[in-house]
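The following pages invite the reader to look at one protein chain and to follow its architecture step by step. Please keep the sequence and the model in view while reading.

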Amino acid sequence: MSGTDFLVHAASDTVGVVVVEDAVSGKELTGWIMETDETITIRAMEGIPLGHKVALREIEKGDTIVKYGHDIGKAVADIPRGHHAH
C-alpha cells in the first residue's frame, strides 16, 4: 500500500477516501481498489483533506454516492471528477 493516496473498497464505488495529508490541487493521486487489488490514478482538482472523499467520476446532483461498497447518500450538487466530495 506504499505510495497510496486514497482507498477504494469496491470497483462500483464513486468516491475514494484520501489517506495522505498532501492531496493538493493538481497532484496526481494513486488509489488502491481493495476488492480487485488494482491501482488507479486521478488528478486532484482541489485540495482534499486527509480522511475526506475524492470523486472518482462525475457525480450529478441526485446521484447515489457509494463509499466502501455502501450507499452513503445522495449528492446535493454536481461533483466533478477529482473534486472534494463532502
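The paragraphs below pass from the overall fold to the nonpolar cores, then to individual residues and the largest pocket.

The structure shown is a predicted model. The secondary structure of its protein chain consists of eight strands and zero helices. Read from the N terminus, the order of elements is therefore β-β-β-β-β-β-β-β. The radius of gyration of the protein chain is 12 Å, close to the 12 Å expected from the globule rule for 86 residues, so the chain is as compact as a globular protein of that length. Measured out along its principal axes, the C-alpha trace spans about 35 × 25 × 15 Å. Of the contacts with a separation of 6 or more, 55% join residues that lie 24 or more positions apart. Buried residues account for 37% of the 86 residues in the chain.

In soluble globular proteins, nonpolar side chains tend to be buried together. Which residues make up the largest nonpolar core of this chain? It has 12 residues in all: Phe6, Val8, Val18, Val20, Ala23, Leu29, Ile33, Ile42, Ala44, Ile48, Val54 and Leu56. Strand 1 (6-8) and strand 3 each contribute at least two residues to this core. A second core, separate from this one, has seven residues, among them Val15, Ala55, Ile59 and Ala75.

Leu29, a member of the largest core, shows which parts of the sequence come together there. Leaving aside residues up to four places away in sequence, Leu29 touches Asp5, Phe6, Ala23, Ile40, Thr41, Ile42 and Ala44. One of these partners, Asp5, deserves a separate look.

Asp5 is located in the segment before strand 1. Is this residue buried or exposed? Asp5 has a relative accessible area of 8%, and because buried means under 20%, Asp5 is classed as buried. With residues up to four places away in sequence again left out, Asp5 touches Val17, Val18, Val19 and Val20, and also Lys27, Glu28, Leu29 and Thr30.

Two residues in loops stand out by their backbone angles. Asp37 is found in the loop between strand 3 (28-33) and strand 4 (38-43). The phi of Asp37 is near 55 degrees, a positive value in a residue other than glycine. Asp37 is exposed, since its relative accessible area is 57%. Tyr68 belongs to the loop between strand 6 (64-67) and strand 7. Tyr68 has a positive phi of about 55 degrees, although it is not a glycine. With a relative accessibility of 32%, Tyr68 counts as partly exposed.

The last topic is open space. Rolling a probe the size of a water molecule over the atoms shows where empty space is left. How much space lies in the largest pocket? The largest pocket holds about 170 Å³. Its lining is formed by 16 residues, and those closest to the centre are Ile65, Ala75, Val76, Ile79 and His86. Strand 7 (70-74) and strand 8 (84-85) are the elements that give two or more residues to this lining. The largest share, three residues, comes from strand 7. Sorted by class, the lining has eight nonpolar, four polar and four charged residues. Ala75 links two parts of this account, as a member of the second core and as one of the residues closest to the centre of the largest pocket.

Terms used: Residues numbered from 1 in each chain as written. Predicted model: local features only at pLDDT ≥ 70, side-chain atom pairs only at ≥ 80, totals over all residues. Heavy atoms only, no water. 1 Å grid on protein atoms, 1.4 Å probe; cavity = no way out; pocket = protein on both sides within 12 Å on 5 of 7 lines; lining within 4 Å. Points joined across faces, edges and corners; volume = space filled by probe spheres on them. Helix = DSSP H or I, 4+ residues; strand = E, 2+ residues; numbered from the N terminus. Nonpolar A, V, L, I, M, F, W, Y, C, P; charged D, E, K, R; others polar. Buried < 20%, exposed > 50% of the residue type's maximum accessible area, 1.4 Å probe, protein only. Core = buried A, V, L, I, M, F, W, Y, C linked by side-chain atoms within 4.5 Å. Contact = heavy atoms within 4.5 Å. Rg over C-alpha atoms; globule rule 2.2 N^0.38 Å.
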